[in-house]
Amino acid sequence: MRKVSTVGVRAPGTCGSRVLGVAPQSGLCVTAAGTIVDGNVDGSKGAVKAVRKRGVDGRVRRFEEIPHTGRNGWINLLKFWRENRFQQLHKHMEGTFNTLGPIYREKVGTLSSVNILMPSDVSELFQSEGLHPRRMTLQPWATHREIRNHSKGVFLKNGEEWRSDRLQLNKEVMLSAAVKRFLPLLDEVAKDFCRMLQRRVEREGRGEEGKRSLTVDPSPDLFRFALEASCHVIYGERIGLFSSSPSLASQKFIWAVERMLTTTPPLLYLPPRLLLRIGAPLWTQHATAWDHIFSHAEARIQRAYQRLTSSKGRGSATEGQYTGVLGQLMEKGQLSLDLIKANITELMAGGVDTTAVPLQFALFELGRNPEVQEMVRQQVRTSWAQAGGDAQKSLQGAPLLKATVKEVLRLYPVGITVQRYPVKDIILQNYHIPAGTMVQACLYPMGRSSLVFEEPLRFNPSRWSGSREGAAFRSLAFGFGARQCVGRRIAENEMQLLLMNILLNFHVSVPSSEDLKTTLTLILQPETPPKITFSKL
Ligand code: HEM
């Protein structure tokens with residue numbers, strides 16, 4: 001047991017590297033606030049436990065006693081700007097947990113949060129999220145909708161309004177009957193992607209015919225794949241992005257989403273309406289990017305609407321035929337056209353980078369871990385053969401493939417935190433948290449914590465097959481509870497199907513297996529997209 005001195009920002013509650021430390025060790029650590037942490041962080045089998053805690057004098061500590069990174073939000077904001085911490089917020093969080101312990105407070109500009117990383121604490125948070133869970137509002141997005149008079153979709157809504165939209169969307173994208181409907185569409189796009197890649201390897205690759213290899217940065221193709229897949233599932237429309245001349249409008253949509261994401265984080269800490277009034281370029285870029293996303297969606301929604309109404313007029317030409325999420329929502333008529341537009345636009349904006357980027361990480365990790373790749377391929381091959389090529393059955397018989405996606409998102413979560421405002425007072429790490437406080441579950445530091453995962457830096461999908469690490473509140477990349485990602489089933493199936501088709505057709509390797517440097521826009525990305533070598537099997 002050791003007492004930790006309290007100096008400057010690092011002072012309160014320091015548990016040092018024991019929380020996330022690379023060097024595993026065992027022992028108790030007394031924080032400055034007097035909380036006892038049972039620090040058995042031995043990385044050996046069975047040793048990783050949730051942190052137990054109680055006040056030394058048996059009392060719950062006050063909110064103000066939670067370790068923090070400095071009281072003055074404006075000074076913190078200045079530091080963030082000066083040191084470019086927005087882009088490295090995931091690393092900043094990891095470092096701060098190492099220094100301050102498993103819970104800390106942070107104020108940046110006007111935004112205050114309590115940050116946690118232990119699964120047991122996230123479970124506590126989940127139990128107090130209430131019937132209408134709330135996340136931190138992305139104010140620049142909300143302001144854009146308000147000034148342009150657009151309705152908001154589920155991402156930006158709260159309360160009963162959110163719930164009623166969400167229940168309708170769940171039926172079309174989350175329930176297993178819906179998955180069954182859209183899965184063949186995703187499979188078709190994944191297969192076309194592989195055919196396009198085959199042609200490219202044959203045309204541009206090296207080596208003898210039939211056994212060629214090609215080393216490329218696959219990210220532009222992965223973005224196209226994700227957009228093609230989204231359009232097929234959402235609008236029921238193929239947009240031909242794998243052709244030799246993909247449309248410029250689609251490329252512009254991809255750029256607009258990228259711009260919208262990169263301009264979001266700096267705008268979170270400043271009042272958008274003030275920036276709008278002074279004509280700040282950052283705000284103009286953000287709003288213009290959103291305008292583009294909206295007009296892209298609007299054009300497609302109009303087309304789909306005309307298609308649907310004209311086929312209805314001709315008799316039921318589309319009866320029994322799946323017309324995409326948009327068609328389903330229109331046919332059911334439970335949401336107004338305005339709300340359908342708002343939600344469909346959000347699904348489109350949220351559906352491209354979120355899957356294209358983890359696919360880059362997945363190919364990189366499979367490439368630098370050839371034994372893992374081979375193990376997954378064997379399972380996928382057997383399952384695919386047994387299922388006679390049926391996509392859904394093939395996925396069901398390949399748990400390692402599902403675990404691969406989970407493992408990628410553990411190490412590289414798309415969103416680095418999930419936020420909630422508890423509806424009642426709760427106790428986390430023996431500190432009192434008043435209702436209405438913004439609490440963030442920090443996924444990046446959690447995924448890399450030796451308290452939570454054995455050998456956290458090892459890419460090991462098999463870790464999810466045992467019961468222990470499959471335990472609750474460790475795999476949180478899609479959030480949790482009723483407000484979890486509504487695109488989850490689309491995303492999981494889309495990524496699994498693409499990886500399945502790639503593994504059946506190519507061996508994947510990487511020219512450099514050095515760790516990837518990551519950077520945060522609104523989502524976690526590689527600083528430079530990794531190069532991947534595809535060799536025909
Ligand atoms: C790997 C891919 C993805 C990841 C990791 C991811 C992650 C997340 C997370 C963490 C949330 C917040 C959940 C919470 O607060 O508990 C979320 C919400 C959301 N996501 Fe995703 N997402 C992904 C793909 C997608 C896709 C493909 C779509 C659209 C097709 C989508 C649309 C949305 C929407 C609309 C919400 C707001 C849901 C609500 O508030 O009710 N996401 N996502």
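How many bridges join β8 to strand β11, and in which sense do the two run? Keep that in mind as you open this predicted model; the answer comes at the second stop.

**The whole chain**

Start with everything shown as a cartoon. The protein chain holds 18 helices and 15 strands. Of its 537 residues, 44% are buried. Among contacts with a separation of 6 or more, 71% link residues 24 or more positions apart.

**The four-stranded sheet**

Now select 103-108, 111-116, 417-420 and 439-442. These are β5 and β8, β6 and β11. Together the four strands make an open sheet, ordered β5-β6-β11-β8, with mixed pairing. Look at the two edges: β5 and β8 each have a single partner strand, so one side of each has no neighbour in the sheet. On average, neighbouring strands here are turned by 30° against each other, direction ignored.

Walk across the sheet from the β5 edge. β5 and β6 run antiparallel and are joined by six bridges; click on Glu106 and you will find its bridge partner, Ser113, in β6. The hairpin of these strands has two residues between them, and Gly109 there takes a positive phi near 60°.

Next comes the parallel step, where β6 and β11 pair over three bridges. Select Val114 here, then its bridge partner Val439 in β11.

At the far edge is the answer to the opening question: four bridges join β8 to β11, and the two strands run antiparallel. One pair to click on is Thr417 with its bridge partner in β11, Cys442.

Before leaving, add residues 119-127. This is helix α3, which packs on the sheet and touches β6, β8 and β11. The direction of α3 makes about 140° with that of β11.

**Where two helices cross**

Select 353-368 and 399-411, which are α13 and α16; their axes lie 10 Å apart and the helices pack at an angle of about 105°. The two are therefore roughly perpendicular to each other. Show side chains for Pro358, Phe361, Ala362 and Glu365 on α13, and for Thr404, Val405, Val408 and Leu409 on α16, since these residues make the contact. By class, this contact has six nonpolar residues, one polar and one charged.

Stay with α16. Its 13 residues reach 19 Å from first C-alpha to last, close to the 18 Å expected at 1.5 Å a residue. Colour its buried residues, among them Leu401, Ala403, Glu407, Arg410 and Leu411. What covers them includes α13, α14 (370-386), α15 (391-396), α17 (443-447) and α18 (488-505), so try switching those helices on one by one.

**Zoom in on Thr404**

Is Thr404, in helix α16, buried or exposed? Thr404 is buried, with 30 other C-beta atoms within 10 Å. Leaving aside neighbours within four places in sequence, Thr404 is in contact with Ala362, Val376, Pro461 and Leu499. Try the distance tool as well: from Thr404 to Glu365, C-alpha to C-alpha, is 9.4 Å, although the two are 39 residues apart in sequence.

**Last stop: α7**

Finish with residues 219-235, helix α7. The end C-alpha atoms of α7 are 23 Å apart, which agrees with the 24 Å its 17 residues should span at 1.5 Å a residue. Turn the surroundings back on: 15 of the 17 residues of α7 are buried, so this helix is largely enclosed by the rest of the structure. Step just past α7 to Gly236, which takes a positive phi of about 70°.

Methods: Residues numbered from 1 in each chain as written. Predicted model: local features only at pLDDT ≥ 70, side-chain atom pairs only at ≥ 80, totals over all residues. Axes fitted to C-alpha atoms, helices over the stretch in contact; angles between N-to-C directions. Parallel < 35°, antiparallel > 145°, perpendicular 65-115°, else oblique. Contact = placed C-beta atoms within 7 Å. Nonpolar A, V, L, I, M, F, W, Y, C, P; charged D, E, K, R; others polar. Pairing = 2+ DSSP bridges. Expected span 1.5 Å × (residues − 1). Buried ≥ 20, exposed ≤ 12 C-beta atoms within 10 Å, placed from the backbone.
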